[in-house]
Structure formats: structure tokens, C-alpha cells
Amino acid sequence: MATITSTDETFKKLISENKLVLIDFWASWCSPCIALQPVLEKISNEMKELKVIKHNIDDFPNVATAENIRSIPTLYLYKDGKHVETIIGAQSESKIKDTIKKYI
């Protein structure tokens, strides 16, 4: 499954429609964000119960402001519409998967 793109308008709907969601707050100028993209794509393909959603903070800044995003990449994990975990920085695939597996 490919990652999904979120906008300020679709953010809340994407979280509420899916049981387990990983939001990647990122920007195109952020090197660690770009390095994390293939890792998130792989996780998205392997973990079918998870939706991976990318939210570009430059194109759609309102959600990032509302969610108090202070650095990127920042990953938010939502389960049943509730924010349950935060991962800051470009972490390893295994660390991200271990965090997600706690909620499957």
C-alpha cells in the first residue's frame, strides 16, 4: 500500500476513518525527511493494518501548527482516532515498527 497524502482539509477525516494511522510531518527541504520516505513506504507495504499518511508542513501548515509540530520529521501514531505515540527524528525501521506493533 502506498502512502497517502494529507491536507489541512483531509487530516481529521483520514485519522477518523482508519483504525491505525502513522502521520509523517515532513517538508521537501528536510534531508532526514527525504531519507525516511523509503522506510515509511516499506513499512506501509508490510504492515497492512496501518495507514501511512504524509503531511507536508510547508504546503499545509495549519495542521502542523495545531498539532504543535516543532521539528521534522515527526511521526504521530493514532489508534482509533487518538494520538498514542510520537516519534521525533529519522529513526530506524525497526524502532518505528516496534512502536507500531505495540498497538496492533
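Two exercises on a predicted model follow, each with a worked solution.

**Exercise 1.** Determine how helix 2 and helix 4 are oriented to each other, and which residues make the contact.

*Solution.*
- Start with the axes. Those of helix 2 (residues 31-46) and helix 4 (residues 93-101) come within 10 Å. They cross at roughly 40 degrees.
- Classify the angle. Angles under 35 degrees count as roughly parallel, and 65 to 115 as roughly perpendicular. Helix 2 and helix 4 are therefore oblique to each other.
- Add the handedness. The crossing of helix 2 with helix 4 is right-handed.
- List the contact. Helix 2 contributes Leu36, Val39, Leu40, Lys42, Ile43 and Glu46. Helix 4 contributes Glu93, Ile96, Lys97 and Ile100.
- Sort by class. Six residues of this contact are nonpolar, four are charged and none is polar.

**Exercise 2.** Work out the strand order of the sheet, its edges, and where helix 2 packs on it.

*Solution.*
- Read the order. The sheet is open, has five strands and runs 1-3-2-4-5 with mixed pairing.
- Find the edges. Strand 1 (4-6) and strand 5 (82-88) each have a single partner strand, so one side of each lacks a neighbour in the sheet.
- Take the twist. Ignoring direction, neighbouring strands are turned by 25 degrees against each other on average.
- Inspect one pair. Strand 4 (residues 74-79) and strand 5 run antiparallel, joined by six bridges. Thr74 stands opposite Ile88 in strand 5.
- Place the helix. Helix 2 packs on the sheet and touches strand 2 (20-26), strand 3 (51-56) and strand 4. The direction of helix 2 makes about 165 degrees with that of strand 2.

Definitions and conventions. Residues are numbered from 1 along each chain as its sequence is written. This is a predicted model: local features need pLDDT of at least 70, side-chain atom pairs count only at pLDDT 80 or more; totals for chains, interfaces and linings use all residues. Side-chain values use heavy atoms; hydrogens and water are left out. Axes are lines fitted to C-alpha atoms, for helices over the stretch in contact, and angles run from 0 to 180 degrees between N-to-C directions. Helices (H or I, at least four residues) and strands (E, at least two) are DSSP runs, numbered from the N terminus. Angles under 35 degrees count as roughly parallel, over 145 as roughly antiparallel, 65 to 115 as roughly perpendicular and the rest as oblique. A crossing is left-handed if the near helix is turned anticlockwise from the far one by less than a right angle, and right-handed if clockwise. Contact means heavy atoms within 4.5 Å. Ala, Val, Leu, Ile, Met, Phe, Trp, Tyr, Cys and Pro count as nonpolar, Asp, Glu, Lys and Arg as charged, and the others, Gly among them, as polar. Two strands pair if DSSP finds at least two bridges between them.
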